[in-house]
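Q: I would like a close look at one residue and its surroundings in this structure. Please treat the matter in a single connected answer.

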Amino acid sequence: NGLRERGASATFFLIGRQIEENKDLVEQMAADGHQVGNHTWNHVCLENISQELIAGEIERTDQLLREILGEKTYWLRPPYGQMTVSGRAQMKVPLVKWSIDPEDWAKKNSQEIVQAVLQHAQPNGIILMHDIYPSSVDAALELVDLLQADGYTFVTVEELLALNGITPQPGVFYLNGNS
């Protein structure tokens, strides 16, 4: 709701096992124009598991997203930003990392999170935050206010790449709007 009030868009990468209990929220995210993506079923690191397990983690989440939101391409943000080269080669969708990680999951203090982002904010950045912590949500909304006042616009990752003339490729990690 805070993003809608501010005219800001975001990309939400969802953990599959949490989707069903939040179906209304997932539908609202899409209805509000946010990009919805895949963050695996169980939030497992995709570096040291078999290709079969990786495929299962991703497909199970994709299947539920398709049931709720329809047939679309659901980009992937691998947990911890990690995936082997061979794993990336198997991907049929773009992969997303970030250019700014305020470590909100560890800080859990909205003002520390805000300061960590502001220190590194620059055009075309992708900010990693976790909406499961109230401090992160408070920080995110404050950051939208502060950065919009500085001329920044908040868009989805897909929109960010398009605005920079980048055609997203399957299995390629995108860290910001420049690469």
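Is Asn 38 buried or exposed, and what surrounds this residue?

A: In this predicted model, Asn 38 is buried: its relative accessible area is 0%, and the cut-off for a buried residue is under 20%. The residue belongs to strand E2, which spans residues 35-38.

Two polar contacts involve its side chain. One runs to the backbone oxygen of Ile 58, at 2.9 Å. The other, of 3.0 Å, links the side chain of Asn 38 with that of Asp 62. Leaving aside residues up to four places away in sequence, Asn 38 touches Phe 13, Leu 14, Ile 58, Thr 61, Asp 62, Leu 65, Tyr 74, Trp 75, Leu 76 and Arg 77.

Two of these neighbours, Leu 14 and Leu 65, lead to the nonpolar core. The largest such core has 24 residues, and Leu 14, Ile 19, Val 26, Leu 65 and Leu 69 are the members that touch the most others. At least two residues of this core come from each of strand E1 (11-14) and helices H2 (23-31), H3 (51-69), H6 (110-120) and H7 (134-149). Within this core, Val 26 is in contact with Leu 14, Ile 19, Leu 65, Ile 68 and Leu 69, again not counting residues up to four places away in sequence. A second core, separate from this one, has eleven residues, among them Trp 98, Ile 126, Leu 128 and Ile 166.

As for aromatic rings, the whole structure contains zero aromatic pairs. A charge does sit over a ring, however: the charged end of Lys 97 lies over Phe 173, 5.2 Å from the ring centre.

Technical notes:
Residues are numbered from 1 along each chain as its sequence is written. This is a predicted model: local features need pLDDT of at least 70, side-chain atom pairs count only at pLDDT 80 or more; totals for chains, interfaces and linings use all residues. Side-chain values use heavy atoms; hydrogens and water are left out. A nonpolar core is a set of buried Ala, Val, Leu, Ile, Met, Phe, Trp, Tyr and Cys residues joined through side-chain atoms within 4.5 Å. Buried means under 20% relative accessible area, exposed over 50%, partly exposed in between (1.4 Å probe, protein chains only). Helices (H or I, at least four residues) and strands (E, at least two) are DSSP runs, numbered from the N terminus. Contact means heavy atoms within 4.5 Å. A polar contact is a pair of N or O atoms within 3.5 Å; within protein, one must be able to donate a hydrogen and the other to accept it, and residues adjacent in sequence count only if both atoms are side-chain atoms. Rings of Phe, Tyr and Trp (its six-membered ring) pair if their centres lie within 6.5 Å; planes under 30 degrees apart count as stacked, over 60 as edge-to-face and the rest as tilted. A charge sits over a ring if NZ of Lys or CZ of Arg is within 6 Å of the ring centre and within 35 degrees of the ring normal.
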